[in-house]
Amino acid sequence: MADNYRMPYFDCLILGYTGAVGQELLHELIKSDKVNRIVCLGRKQPAIDHHKMMFIAADMTKLTEHLNAFAGISRVYCCLGTTIKQAGSQQGFKRVDYDMVVDAALLAKQAGVSHFSVVSAMGADENSTIFYNRVKGECEKALQQIGFNRLSIFRPSLLTGPRKEFRLGEKIAQITFPLIEWLLLGSLKHYRSISTNTVARAILLNSIKTDEGVEIFRSDDIKQLSKAL
């Protein structure tokens, strides 16, 4: 095992643990012998229970009231995300995918968290004409300006794996995309679909390292990272 993977146990906090990637990440954190304590901060009780876990109920629109939840935490995993349809409007979408994420990051920084990991999206670009991509890009920029010792941004492409809610367009894409994605070679590999478990595993393995600075991982990078150990 490489030297930058040698480290003691750590305490972490996860947001968005009920989502597709968040659920998988929570399972990976529970299994990891590097993780000592997992704080789940959110509205709903996690679907699973484990002696490592601590649930803290929170109104996600009032995250600033929960600074104490970040006490003693060295790593924060942010898997928050929604869709415009679920949120009901573009404003509602931005409240989750920008406001809540940035608020959580500001609290983490204030509490002394050294490493913040966030699930963004392929195509994130603050200058994009596509609203979704623009919000994701603006969020990434805001996170970079906070000044974490280490910031890890994950930009997966089309996610495959179980979801609680049914999304027709996404389901169709998950069925048809694998039939043509073998044509995506070279730099286009980043547009191939990726499983939620692969993303979760990569996020955990990356946080076990002791690197510094800002990192951006696209889909093919994430796939390679998930095989690191």
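Phenylalanine 93 is buried, with a relative accessible area of 0%. The model described here is a predicted one.

**Aromatic rings**

The structure holds 4 aromatic pairs. In one of them, phenylalanine 93 and phenylalanine 131 meet in a tilted arrangement, 5.8 Å centre to centre and with 55° between the planes. Because phenylalanine 93 belongs to helix α3 and phenylalanine 131 to helix α4, this pair ties together parts that are 38 residues apart in sequence. Phenylalanine 131 has a relative accessible area of 16% and is buried, as the limit is 20%.

Phenylalanine 93 also pairs with tyrosine 132, again tilted, at 5.4 Å centre to centre and 35° between the planes. Here too distant parts of the chain are linked, from phenylalanine 93 in helix α3 to tyrosine 132 in helix α4, 39 residues apart. Tyrosine 132, at 33% relative accessibility, counts as partly exposed. Together, Phe93, Phe131 and Tyr132 make up one aromatic cluster.

Charged side chains also lie over ring faces. Arginine 75 sits over the face of phenylalanine 10, at 4.5 Å from the ring centre. Lysine 94 is placed over the face of tyrosine 98, at 5.6 Å from the ring centre.

**Salt bridges**

How many salt bridges does the structure hold? There are 8 salt bridges, including the pairs in this table.

| Residue with N | Residue with O | Closest N to O distance |
|---|---|---|
| Arginine 37 | Aspartate 11 | 3.4 Å |
| Lysine 141 | Glutamate 126 | 3.3 Å |
| Arginine 150 | Glutamate 215 | 3.2 Å |

The salt bridge between arginine 37 and aspartate 11 has a distance of 3.4 Å, N to O. Arginine 37 is part of strand β2 (residues 35-42) and aspartate 11 of strand β1 (residues 10-15), so this pair ties together parts that are 26 residues apart in sequence. Aspartate 11 counts as buried, at 16% relative accessibility.

Lysine 141 and glutamate 126 form a salt bridge as well. Lysine 141 is in helix α4 (residues 131-146) and glutamate 126 in the loop between β5 (115-119) and α4, so placed that the pair links distant parts of the chain, 15 residues apart. Lysine 141 counts as partly exposed at 38% relative accessibility, and glutamate 126 is partly exposed with a relative accessible area of 32%.

Arginine 150 forms a salt bridge with glutamate 215. Since arginine 150 lies in strand β6 (residues 150-155) and glutamate 215 in strand β9 (residues 213-218), the pair ties together parts that are 65 residues apart in sequence. Arginine 150 counts as buried at 3% relative accessibility, and glutamate 215 is buried with a relative accessible area of 13%.

**The cavity**

Rolling a probe the size of a water molecule over the atoms shows where empty space is left. A search of the whole structure finds 1 cavity of 30 Å³ or more. The volume of the largest cavity is about 60 Å³.

Which elements each supply at least two residues of the lining of the largest cavity? They are α3 (90-110), β5 and α4. Helix α4 gives the most, with 4 residues. The residues lining the largest cavity include Leu80, Asp97, Val101, Val118, Val119 and Ser120. Lys136, Cys139, Glu140 and Leu143 are also among them. By class, this lining has 6 nonpolar, 1 polar and 3 charged residues.

Key: Residues are numbered from 1 along each chain as its sequence is written. This is a predicted model: local features need pLDDT of at least 70, side-chain atom pairs count only at pLDDT 80 or more; totals for chains, interfaces and linings use all residues. Side-chain values use heavy atoms; hydrogens and water are left out. A salt bridge is a side-chain nitrogen of Lys or Arg within 4 Å of a carboxyl oxygen of Asp or Glu. Buried means under 20% relative accessible area, exposed over 50%, partly exposed in between (1.4 Å probe, protein chains only). On a 1 Å grid over the protein atoms alone, a cavity is a set of points where a 1.4 Å probe fits but cannot get out, and a pocket is an open set with protein on both sides within 12 Å along at least five of seven lines; lining residues have an atom within 4 Å of a point. Grid points are joined across faces, edges and corners, and a volume is the space filled by probe spheres set on the points. Ala, Val, Leu, Ile, Met, Phe, Trp, Tyr, Cys and Pro count as nonpolar, Asp, Glu, Lys and Arg as charged, and the others, Gly among them, as polar. Rings of Phe, Tyr and Trp (its six-membered ring) pair if their centres lie within 6.5 Å; planes under 30 degrees apart count as stacked, over 60 as edge-to-face and the rest as tilted. A charge sits over a ring if NZ of Lys or CZ of Arg is within 6 Å of the ring centre and within 35 degrees of the ring normal.
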